[in-house]
Amino acid sequence: MMAASATLIKEVEKLREQIRKHEYQYYVLDAPSVSDAEFDRLMNKLKALEAEHPEIVTADSPTLRVGGAPREGFQTYRHTRPMMSLDNAYTFEELRDFDRRVRELAGRERVAYVAEHKFDGLSIALIYENAVLVRGVTRGDGQTGEDVTPNVKTIRSIPLRLDRDMLKKLSLPLDIEVRGEVIMNRAAFASLNHQQEAFGGKLFANPRNAAAGAVRMLDPSITASRKLEFFAYYLLANGRVPLKLHSQSLEALTKLRFKASADFEICETIEDVEKYCTKWEAKREKLPYEVDGVVVKVNEASMQSELGYTSKAPRWAIAYKWAARQATTVVSKIEFNVGRTGTLTPVALFEPVPIGGVTVSRSTLHNMDEIERLNIHEGDTVLVERAGDVIPHVLKVVKHGKEEKPVRVPEKCPVCGTRIHRVEGEVAYRCVNAACPAKRKESLLHFAGRHAMNIDGLGEKIVDQLIEKGIVKDFASLYELKLEEVAALERMAEKSAQNLLDEIAASKKNELSRLVYALGIGFIGERTAQLLAEHFGSLEKIANAKLDELTEVNEIGPKVATSIVDFFSEKANRKLIDRLRDAGLRMEEKRVAPKSSRLAGKSFVFTGTLERHSREEAGALVVSHGGKVVSSVSKKTDYVVVGADPGSKHEKAKSLGVPILDEATFEKLIGRK
Ligand code: AMP
Ligand code: ZN
């Protein structure tokens, strides 16, 4: 490795600056100036340079936002000054009381306030030392919080370093603390729950819980996938407010490239605050994220410190909270919807009732566990809430109806009539018919996706039209499309119609793993599809595999195996695959010729951490010599390779008398040493 030259360091710093600028434009200003592809290109270039010259990696490099290793637990950290909660006001009268108290205590005729959104998330303190982010801490009990630094680093609207010249210009020191709220916006929340639903995971009750959960993940790569945002609303230096006015703090935060408390206003009187509250109560639904009220703060910092704190909250601020919007109504019916991924979702239909200006007539009950938890039946009287979100939900049953008829999951899909499957140990029930009309659009888009069959040009607009006109019903009919049918679609020239057909035809040659993924079998992601294709070598063999043959594949557990067996046990799916085969799709995997056959027929189990190989490398070595890797130890296992801190597999191997190898012996066996 060569030492980094001055020119290289310059080049790398320039790259980082470009990336920081793009992150700022994209995540803070919502105004991207380059394509995703260009952004990825810059990031990959920086990653490559840093990999080649590890000595030039700095703690604030944009490459370090992701990829921190999972941790065992959180360290606690004492706040420079307590993170307090806020007193609440629910009426304008209470707001005026607050204003009167403030004016009396401060001995002033008039006091100016800043009104801002009350973001509904999790408050976080960010510590910058020498203008670099060194720590992110949760509120915790207000005195000490949890150090969640690797997690907050994944939030793209949080700068990893601050502009030193700007700090100087603002007369701020290089060590500052920024406090604000981590939130998940409505779109990210909806897509997270949608995904959880599809995979039978736990549903989050609201964006706040989802955001709080994501920040406290031990594995920061999960936090990174959750699309969180940060709004800054306090600026501190040495535990004190350094600027004269709170509004100046918010302006300074904006200049330092934070997303500072959006839509804040300076209000000269409490009447102006009331106007602000009224205005935003009407508009809150239009915001891309949930807010549950307005925070009102005395603008002058010196007056803030004069007023001080009670034991739990500042005297100079108050949260005006909007009334929860609730009403009672009767459940007229509970029916089941088939979602875009085939999951059956129970839905309660109500006798229509107005809540906060909207007539509510239905609400999702999510899954059977929720029905059990609520103990809800048709005919029950329920309390329904519309929180910040538009989607109402049932809070509780107020009174049971005469007849408490238990809710049953239908045996057949209400849309296509195929038998409903339930995955063991999961809350979700699903229709596994790949051609079920309820999920036609979603499954076609998935099939054509970049990581699946990669059919460029088969986007939402085209798929919508193809379905509407009844030309395409399933994956196989894509391969039967005629030029004149495609050319007749809206905004489709003959040339682009031909291109699309060429793309579709080209997809027939894709590797088997893409097809396995594209079929949209429950729980089968890209990686599992690859494992299956490699292990079995043909779709035929995957389709005919028994449960225990599937679980023999490393990394495939009973849940995934059951889902595969369920899928191929459906006649409709078998027929679909026959048609795909007739259309000429590739259904076999070309095998890489093994390097040797010295391990032919031998099966290996790995446990514990190897020193010189990752699990993948070790597994690939076994395969390249004709052996195979399985996930659990049985009498049939030939070798168990044991690294540091092995799991129960080691014990099992000992008790079954399976030969045990350490890393060095393993290397000898494959002829490495
Ligand atoms: P509560 O949890 O109801 O006691 O409300 C206090 C919390 O509101 C604070 O700890 C912050 O997490 C949160 N909050 C949301 N938006 C703001 C804001 N603009 N200014 C201050 N605190 C806020
Ligand atoms: Zn169906």
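1. Cysteine C413 is a suitable starting point for this predicted model. With a relative accessible area of 3%, C413 is buried, because the value falls under the 20% limit. C416, by contrast, is partly exposed, with a relative accessible area of 27%.

2. Both residues belong to the zinc site. The zinc ion (ligand 2) has as its protein donors the SG atoms of C413, C416, C431 and C436. These donors lie 2.3 to 2.4 Å from the ion. Along the chain, their spacing reads C-x2-C-x14-C-x4-C.

3. What is the arrangement of the 4 donor atoms around the zinc ion (ligand 2)? The arrangement is tetrahedral, because the angles subtended by the donor atoms run from 103 to 115 degrees. The criterion requires that all angles lie between 85 and 135 degrees. For four tetrahedral donors, the ideal angle at a metal is 109.5 degrees.

4. A helix pair also merits comment. Helix α3 covers residues 92–106, and helix α10 covers residues 270–283. The two pack at an angle of about 145 degrees, and their axes are 10 Å apart. The crossing of α3 and α10 is right-handed.

5. On the α3 side, the contact is formed by F92, L95, R96 and D99. Helix α10 contributes I270, E271, V273, E274, C277 and T278. By class, the residues of this contact comprise 5 nonpolar, 1 polar and 4 charged.

6. Helix α3 also contains A106. Is A106 buried or exposed? A106 counts as buried, because its relative accessibility of 13% is under 20%. Leaving aside residues up to four places away in sequence, A106 touches M303, E306 and L307. One of these, E306, is 200 residues from A106 along the chain, yet the C-alpha atoms of A106 and E306 are separated by 7.4 Å.

7. Some figures for the chain as a whole complete the note. The chain has 673 residues, of which 48% count as buried. Its secondary structure consists of 26 helices and 22 strands. Taken along the principal axes, the box filled by the C-alpha atoms is roughly 90 × 75 × 65 Å. As for contacts between residues at least 6 apart in sequence, 68% join residues at least 24 apart.

Methods:
Residues numbered from 1 in each chain as written. Chains lettered and ligands numbered in written order. Predicted model: local features only at pLDDT ≥ 70, side-chain atom pairs only at ≥ 80, totals over all residues. Heavy atoms only, no water. Donors = N, O, S within 2.8 Å, 3.2 Å for Na, K, Ca; no water. Tetrahedral: all angles 85-135°; square planar, octahedral: opposite > 155°, others 65-115°. Buried < 20%, exposed > 50% of the residue type's maximum accessible area, 1.4 Å probe, protein only. Axes fitted to C-alpha atoms, helices over the stretch in contact; angles between N-to-C directions. Helix = DSSP H or I, 4+ residues; strand = E, 2+ residues; numbered from the N terminus. Left-handed = near helix turned anticlockwise from the far one by under 90°. Contact = heavy atoms within 4.5 Å. Nonpolar A, V, L, I, M, F, W, Y, C, P; charged D, E, K, R; others polar.
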